[in-house]
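Reader: I'd like to learn how to read a model like this one, feature by feature. Can you walk me through it?

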Amino acid sequence: MVRIRNASILALSSLYFITALSGCSPQAGSQADGNTANKAGENEKAGTMNFDPNLSAQLSIYTDLGMTDEWFERFIIAPVRKKFPNITLEVVRKQKGTNPDELVIAGTFPDILYNSTPRLTQYKDLNLLYDMRELIKKHHFDLNSLNQPALDAIKQWGDKGELYGLPFWVNFSALYYNKDIFDRFGVPYPKDGMTWDEVIELSKSLTRNEGGVAYRGLDIHSLNDFYSQLSLPYVDAQTDKPLLETEGFKKVYETMMKLYKIPGNEIRKPAKDAFLKDKNLAMWPMYADVPTLINDLELNGDPFNWDMAQMPSFPDSPGVAWQADSHNLHVTNTSKNKEAAFQVIMYLLSQEPQMELVKSGLLSSSADPEMNKRFGESIGVFKGKHLDAILKSKPAPKYTMSKYDSIASGEFNAAFKNVESGAKDINTALREANEAAEKRIQEKKATQK
């Protein structure tokens, strides 16, 4: 049974996968002496990982993500218990009383951080991220065995080459669609390899009012869904100058306006509700948690006739999906059990735990293409679906991040409201957003002196 401290049980899914991208399970680094058997007598596919099954420690793992207790039990707690019977692992969730700053003050922040790549700012500011390179070197862990786009995205958090975490599994994105809406209006299903302009054009045939129901062909989660594929830096990391007046950000606004100018798109409910609850949205580009949510519907007696196609892309970057994203495991800087914490992480990146992820609908973090061939085989919701859609694309490379990105991205998103309403043209909106971001960045820097 998973032990949860101050748990907030989030109603995510009874299906044990959440979100994934393209990648594969890290095959462990081999020992320098060439020993072919680890201490537990397990042979790993790409080398031998040596663990100490007699390790004894009371560890805790921190998360601000929404995986259920059942998810942690199946994919983290149970494998660790089986491999290290003398290690206990407690899950601590972020909420009132267990916020990161509160735990830092109390001196009780957990040994392992479980988080996704874009969500590390607060932990870095609190000096909770630990450079794991010495542990990686000590255990001869082979970084080349990992999904490199996911690993490269983590590396960007290190200002001087530090490596603060390793990917546990990686996220995929796809274009999900409601087959019933396409069938109702006699419109062909979306295909792999389509551009955004083609998908927006396709959506026009599905955006209509019939039988008192307002159908929409396509909606997206946010402007960032277009922006992500272009790998655009919000802020120059060297000069701290915002970059919102570039052609790439203009293209994002233009593409969104093509979609929102379609008659019938003036009034929109959140895409998630429209697609899954109301079922009047035909296409929804999204990460891999969508099949999880569909599975929940079906378990509750609400069937959903769906499939997926390759994520649409821009003509100058065909086959490029959303940016590399992964859920990662980090030894924390405050841990008093770094050795045990790293061995736990290293084991969770080995073949057996990773294969369990893959069969349950998560793409592994390894570079071994054979791993993902068993993708989703334990999950009925994937039966008969176009699984190639998630493997054809490659993730957009992560841009060089700046600590002021959130300021510029906030101004970028806010300024679009004036473009959509017609109050301002695109160039004016971006120029003013850039000026506002620069002012706020300078104010922020002044407070840091």
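**Reading the model, feature by feature**

Author: Sure. Let's begin with the surface: the protein exposes about 19200 Å² of accessible area, and carbon and sulfur atoms hold 49% of that. Keep in mind that this is a predicted model.

Reader: What is the overall make-up in helices and strands, and how many residues count as buried?

Author: There are 15 helices and 14 strands. Of the 449 residues, 55% count as buried. For contacts with a separation of 6 or more, 77% join residues that are 24 or more positions apart.

Reader: Let's pick a helix. How enclosed is α12?

Author: The idea is to go through a helix residue by residue and see which ones fall under 20% relative accessible area. In α12, 10 of the 11 residues are buried, so the rest of the structure largely encloses this helix. Among the buried ones are Ala-340, Phe-342, Val-344 and Ile-345, but also Lys-338 and Gln-343.

Reader: What does Gln-343 touch, and which side chain does its own side chain make a polar contact with?

Author: Gln-343 sits in α12, which spans residues 338-348. It counts as buried because its relative accessibility is 5%, under the 20% cut-off. Its side chain makes a polar contact with the side chain of Glu-339, at 3.0 Å. Beyond its neighbours within four places in sequence, Gln-343 is in contact with Asn-50, Phe-51, Asp-52, Leu-55, Phe-84 and His-139.

Reader: And Lys-338: which ring does its charged end sit over?

Author: That would be Tyr-130, with the charged end of Lys-338 5.1 Å from the ring centre. Another case is Arg-208, which lies over the face of Phe-185 at 4.0 Å from the centre of the ring.

Reader: On to aromatic pairs. How many are there, and how do I read the geometry of one?

Author: The count comes to 34 aromatic pairs. For each pair, look at the distance between ring centres and then at the angle between planes. Take Trp-71 and Phe-75: their ring centres are 5.3 Å apart and their planes meet at 55°, so this pair is tilted. Both residues belong to helix α1 (residues 69-83) and are 4 residues apart, about one turn of the helix. An α-helix has 3.6 residues a turn, so residues three or four places apart point the same way. Both Trp-71 and Phe-75 are buried.

Reader: Is the pair of Tyr-227 and Phe-249 stacked or tilted?

Author: Stacked: the centres are 5.9 Å apart, with 15° between the planes. This pair links distant parts of the chain, with Tyr-227 in α8 (residues 224-230) and Phe-249 in α9 (residues 247-260), 22 residues apart. Both Tyr-227 and Phe-249 are buried. They also belong to a cluster linked by ring pairs, whose other members are Tyr-234, Tyr-253, Tyr-260, Tyr-399, Phe-412 and Phe-416.

Reader: Which residues touch the most other members of the largest nonpolar core?

Author: That core has 94 residues, and the ones touching the most other members are Tyr-176, Tyr-234, Tyr-253, Met-283 and Phe-412. Helix α9 gives the most to this core, with 7 residues. Phe-412 is a good one to click on: leaving aside neighbours within four places in sequence, its contacts include Leu-223, Leu-244, Val-252, Leu-430 and Ala-433. Apart from that core lies another, of 44 residues, including Leu-329, Phe-342, Leu-348 and Leu-349.

Reader: What about odd backbone angles?

Author: Most residues other than glycine have a negative phi. Asn-127, which is not a glycine, has a positive phi of about 60°. Its place is the loop between α3 (121-125) and α4 (133-138). His-140 is another non-glycine with a positive phi, of about 55°. You'll find His-140 in the loop between α4 and α5 (148-155), and it is partly exposed, with a relative accessible area of 33%.

Reader: One last feature. How far apart are Arg-74 and Glu-356, in sequence and in space?

Author: They are 282 residues apart in sequence, yet 9.0 Å apart in space, C-alpha to C-alpha. Their side chains make a polar contact at 2.4 Å. Arg-74 lies in helix α1 and counts as partly exposed, at 25% relative accessibility.

Note on methods
Residues numbered from 1 in each chain as written. Predicted model: local features only at pLDDT ≥ 70, side-chain atom pairs only at ≥ 80, totals over all residues. Heavy atoms only, no water. Helix = DSSP H or I, 4+ residues; strand = E, 2+ residues; numbered from the N terminus. Buried < 20%, exposed > 50% of the residue type's maximum accessible area, 1.4 Å probe, protein only. Contact = heavy atoms within 4.5 Å. Areas by Shrake-Rupley, 256 points an atom, 1.4 Å probe, with all protein chains shown as cover. Polar contact = N/O pair within 3.5 Å; in protein donor to acceptor, adjacent residues only side chain to side chain. Phe/Tyr/Trp six-rings, centres within 6.5 Å; stacked < 30°, edge-to-face > 60°. Lys NZ or Arg CZ within 6 Å of the ring centre and 35° of its normal. Core = buried A, V, L, I, M, F, W, Y, C linked by side-chain atoms within 4.5 Å.
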